[in-house]
Amino acid sequence: MNVSRTSDSSFSSRLSWCLLLLRLGIGIVFVMWTVNKLINPENAAAVFSKYYQLQSLSSYLVYLMGTLQAIVVLAFVLGAFRTYSYSAILILHGFSTISAYKQYLDPWTSPHLLFFAAFPLLAACITLLLLRDFDQFSVDGFRKRRTLPAVGE
């Protein structure tokens, strides 16, 4: 028995499961933010006003942003167009993290301490982007395996 081959296969499988869980965990957050835009556009507009200084966003614009975000989030959760969808999620969350800088400067005022959860999520987004080619339990991973020639061909 070739221990190295078994070990490599086992590591690859465990890594694939970890990346799937990471993608789904990040996806849960983005699904909720997207749903908020679609079912509660007034709240989403208030968030944009407070954190991004975008005043007076119309419901129509919030719905449009929510719809576009839904498309990106769906691609991300499915692992489709990994380079683009994972990058888009990283950029969106990066802006979100940076926009809350005032809360980081005053962490002891409630609920500012909760904003620090953005950093591990940002690290997870970066990790997933960097390891995207190893994310085998994804649309792109399945597509890549399907197009590879069989061993011995």
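How much area does the protein chain expose, and what share of it do carbon and sulfur atoms supply? The protein chain exposes about 9,900 Å², and carbon and sulfur atoms supply 70% of that area. The model is predicted.

**Figure 1. The whole protein chain, built from seven helices and zero strands.** Read along the sequence, the pattern is α-α-α-α-α-α-α. The radius of gyration is 19 Å, well over the 15 Å that the globule rule gives for 153 residues, so the chain is more spread out than a compact globule. Along its principal axes, the C-alpha trace spans about 65 × 35 × 20 Å. Of the 153 residues, 33% count as buried. Contacts with a separation of 6 or more were also sorted by distance along the sequence: residues 24 or more positions apart account for 69% of them. The side chains include 12 positive and 7 negative ones. The centres of these two sets lie 1 Å apart.

**Figure 2. Helix H3, residues 59-78.** This helix has 20 residues. From its first C-alpha to its last it reaches 28 Å, close to the 28 Å expected at 1.5 Å a residue. Which residues of H3 are buried? They are Val 62, Gly 66, Gln 69, Val 73, Ala 75 and Phe 76. An α-helix has 3.6 residues a turn, so residues three or four places apart point the same way. Just after H3 comes Gly 79, with a positive phi of about 75°.

**Figure 3. Gln 103 and its surroundings in helix H5.** H5 covers residues 101-105, and Gln 103 sits within it. Is Gln 103 buried or exposed? Gln 103 is buried, because its relative accessible area is 7% and the cut-off for buried is under 20%. Residues up to four places away in sequence are not counted in its list of contacts. With those set aside, Gln 103 touches Lys 50, Tyr 51, His 112, Phe 115 and Phe 116. A C-alpha distance adds to the view: Gln 103 and Leu 113 are ten residues apart along the chain, and their C-alpha atoms are separated by 7.6 Å.

**Figure 4. The cis peptide bond between Ser 110 and Pro 111.** Its omega is about 0°. Pro 111 lies in the loop between H5 and H6. Most residues other than glycine have a negative phi, and most peptide bonds are trans.

**Figure 5. Gln 53 and Ser 56, shown for their backbone angles.** Where does Gln 53 lie? Gln 53 is in the loop between helix H2 (41-52) and H3. Ser 56 also lies in the loop between H2 and H3. Gln 53 has a positive phi of about 55°, although it is not a glycine. For Ser 56, also not a glycine, phi is positive at about 55°. Gln 53 is exposed, with a relative accessible area of 52%. Ser 56 counts as exposed at 75% relative accessibility. The cut-off for exposed is over 50%.

**Figure 6. Glu 42 in helix H2.** At 52% relative accessibility, Glu 42 counts as exposed. What separates the C-alpha atoms of Glu 42 and Ser 58? The distance is 8.5 Å, for two residues that are 16 residues apart along the chain.

**Figure 7. Gln 136 in the loop between helix H6 (118-130) and helix H7 (139-147).** Gln 136 counts as buried, because its relative accessibility is 17% and buried means under 20%. Which residues does Gln 136 contact, leaving aside neighbours within four places in sequence? Ser 16, Gly 141, Phe 142 and Arg 145 are in contact with Gln 136.

**Figure 8. Leu 131, in the loop between H6 and H7.** Leu 131 is partly exposed, with a relative accessible area of 27%. Neighbours within four places in sequence are left aside here; Leu 131 is then in contact with Leu 15 and Leu 19. Leu 131 and Leu 78 are 53 residues apart along the chain. Their C-alpha atoms are separated by 15 Å.

Conventions:
Residues numbered from 1 in each chain as written. Predicted model: local features only at pLDDT ≥ 70, side-chain atom pairs only at ≥ 80, totals over all residues. Heavy atoms only, no water. Helix = DSSP H or I, 4+ residues; strand = E, 2+ residues; numbered from the N terminus. Buried < 20%, exposed > 50% of the residue type's maximum accessible area, 1.4 Å probe, protein only. Contact = heavy atoms within 4.5 Å. Rg over C-alpha atoms; globule rule 2.2 N^0.38 Å. Areas by Shrake-Rupley, 256 points an atom, 1.4 Å probe, with all protein chains shown as cover. Lys, Arg positive; Asp, Glu negative; His and termini not counted. Charge placed at Lys NZ, Arg CZ, Asp CG, Glu CD. Expected span 1.5 Å × (residues − 1).
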